[in-house]
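User: I am new to this structure and would like to go through it in steps. Please begin by showing the sequence and the model.

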Amino acid sequence: DEPVRWTYHNDNLEETAVRGLISPPEGAPLLSVMGDLCGFRHDSLTESPKNGKFANPMCTSGDAIDFAGKKPSVMARVGTFPWDDSKGPRGALSNDGGTSWTQFGSEPPGSAGSGSVAVAADGATILWAPKAGNVGYSTDGGASWKVADGLPAAAKLPDWAPSNLRVAADRVNPQKLYAFDALTGTAYVSKDSGAHFEVGSRELPSLPD
């Protein structure tokens, strides 16, 4: 008839989740974005990051990260609160492999939430699909954004649900960027660095006899 009593022997009790991992061909072997912890540059796979989590700006949760395939020192990441309207754009750019970051100057028109991000192979274009609103592309390091033509706006989903739109970059061809709409199962491709998208082919490639 007595209540259950719990005794904790740890200093803190916290939950987190890895939301994105990248392993560039040079520089740090691993970079991560995580719920509740923003993200880390892992210079060692056997030791905790000595420089702590990402800064400038800080974020409560990191949601997506990507690097340029032919220029892997160029990276972009997006995250959530405190990157709210009062804290400025919810994304950042690195030109030194994730050692230091610079907050984007703005967000895609009509965007809300962090969503997913991709960096073109040459590092010249950033493609950002926010959790809600228009997919945008930037050619000036996130200072300004234009709406990517041919893509639907992200659906208005509950706060706990991830964005229905995911973006990716070709690792070799800087002109090619991709987007996938999980609600419709539609894949899109851009051949002009994110300015215009068209529905990708649904046909399977023919196999040799």
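User: How does aspartate 66 count, as buried or as exposed?
Analyst: This is a predicted model, in which local features need pLDDT of at least 70 and side-chain atom pairs count only at pLDDT 80 or more, while totals for chains, interfaces and linings use all residues. Residues are numbered from 1 along each chain as its sequence is written, and side-chain values use heavy atoms, with hydrogens and water left out. Buried stands for under 20% relative accessible area, exposed for over 50%, and partly exposed for what lies in between (1.4 Å probe, protein chains only). Because its relative accessibility is 6%, aspartate 66 counts as buried.

User: How far apart along the chain are aspartate 66 and arginine 171, which meet in a salt bridge?
Analyst: A salt bridge here is a side-chain nitrogen of Lys or Arg within 4 Å of a carboxyl oxygen of Asp or Glu, and the side chains of aspartate 66 and arginine 171 meet at 2.9 Å, N to O. Aspartate 66 belongs to strand 4 and arginine 171 to the loop between strand 12 and strand 13, where strands are DSSP runs of E with at least two residues, numbered from the N terminus. The pair thus links distant parts of the chain, and the separation is 105 residues.

User: Which residue forms a salt bridge with arginine 19?
Analyst: A search of the whole structure finds six salt bridges. In the one formed by arginine 19, the closest N and O atoms are 2.4 Å apart. Arginine 19 is partly exposed, with a relative accessible area of 44%, whereas its partner is buried at 14% relative accessibility. That partner is aspartate 63.

User: Why is the disulfide of cysteine 38 and cysteine 59 right-handed, and how many residues apart in sequence are the parts that it ties together?
Analyst: A disulfide is a pair of cysteine sulfur atoms within 2.5 Å, and the sulfur atoms of cysteine 38 and cysteine 59 are 2.1 Å apart. The torsion about their S-S bond is about 105°, so the disulfide is right-handed. Cysteine 38 lies in strand 3 (residues 38-42) and cysteine 59 in the loop between strand 3 and strand 4 (62-68), so the parts tied together are apart in sequence by 21 residues.

User: Which strands stand at the edges of the open sheet in the order 12-13-14-15?
Analyst: Four strands form this open sheet, and the pairing is antiparallel, with two strands taken to pair if DSSP finds at least two bridges between them. Strand 14 (residues 186-190) is joined to strand 15 by two bridges, and tyrosine 188 has valine 199 of strand 15 as its bridge partner. The edge strands each have a single partner strand, so one side of each is left without a neighbour in the sheet; they are strand 12 (165-169) and strand 15 (198-199).

User: Which strand gives the most to the largest nonpolar core?
Analyst: A nonpolar core is a set of buried Ala, Val, Leu, Ile, Met, Phe, Trp, Tyr and Cys residues joined through side-chain atoms within 4.5 Å. The largest has 17 residues, of which Leu127, Val135, Ala148, Leu151 and Phe197 touch the most other members. Strand 9 (126-129), strand 12 and strand 13 (177-181) each supply at least two residues. The one that gives the most, with three residues, is strand 12.
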